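Trainee: Got a minute to go through a model with me? Put it up and I'll ask as we go.

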Amino acid sequence: MAINRKKIEKFLKNQISIRVFEEIDSTNNEAKRRASEASLSPALYVTDCQTAGRGRRGHDFYSPKGSGLYFSLALPVGGQPTSIQLLTCASAVAVCGAIRALSGKNAQVKWVNDIFIDGKKVAGILAELVLDSQNKPLSVIIGIGINLTTAHFPAEFAATAGSVGNIEPNRLCAEICNRLFDLYTALNSSTEAVSRMIDEYSKLNFVLGREITYTDRDGTHTAKAAAIAPDGSLIISENGESKALHSGEISVNPVKKSDFT
């Protein structure tokens, strides 16, 4: 089903301006171009085709026509902005909650920003903070890309890419935005809300208790994922010592379908 502004509005709980595009380079890029507008009121940019979709750490995000839902929610910064790490975690909680509510599927998180169903990635998140010319925060942008189907994906993606299946995309977009808007508002006003969100994020995270591989400037390492810290970083245990990973890519060794059921 095509993306439709009025259908998204029908399911939204909050006043958010919506722009829908048949095709665009990246919804996050568009949100950045209009950052001064989002500094005044929330804005949503939605498409089903990106020609230059972006993921974390400079990675591309495959966004072909007719296969997914791609959108960016830009929110004004009030006072001290929520950290990008916490915002990414909150976005993952919102995405998983919406998918579970609308499909019944067991959506889970791979730290920090990937959403999986049955061992395959179905969605990714890219949160960014936009600064003005004086380096003061203007708005925060949360970009979310979701695979609705992988029927037309290249063969090389078959082993790793999954989809959310038969969910009406306009309702899914609105449901995620509703949940994310509520979380963002709560995180900016309550330390208890941050703790509750991290607790929920931890419950959704399938890496905890598992052996992982990560890479830093010293090389590639194997460790055990132990917990999610209050700031959203991943606490790992390596050679009897604990430390926090604040960013980077990890892989879980091994990922089995049985671990997702």
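Trainee: Which residues of strand 2 are buried on one side and which on the other?
Mentor: Ala43, Tyr45 and Thr47 are buried on one side, Leu44 and Val46 on the other. Buried means under 20% relative accessible area, exposed over 50%, partly exposed in between (1.4 Å probe, protein chains only). Strands (E, at least two residues) and helices (H or I, at least four) are DSSP runs, numbered from the N terminus.
Mentor: Bear in mind that this is a predicted model, where local features need pLDDT of at least 70, side-chain atom pairs count only at pLDDT 80 or more, and totals for chains, interfaces and linings use all residues. Residues are numbered from 1 along each chain as its sequence is written, and side-chain values use heavy atoms, with hydrogens and water left out.

Trainee: How does strand 2 run against strand 1 and strand 3, parallel or antiparallel?
Mentor: Strand 1 (residues 17–21) is parallel to strand 2, with five bridges. Strand 3 (residues 68–76) is antiparallel to strand 2, also through five bridges. Strands pair if DSSP finds at least two bridges between them.

Trainee: Switching topic: how many salt bridges does the structure hold?
Mentor: There are 12, each a side-chain nitrogen of Lys or Arg within 4 Å of a carboxyl oxygen of Asp or Glu.

Trainee: What does Lys32 pair with?
Mentor: Glu128, at 2.9 Å from N to O. Lys32 is in helix 2 and Glu128 in strand 6 (residues 120–131), 96 residues apart.

Trainee: And which residues share partners in a network?
Mentor: Asp25, Glu30, Arg33 and Arg34 are joined into one network by salt bridges.
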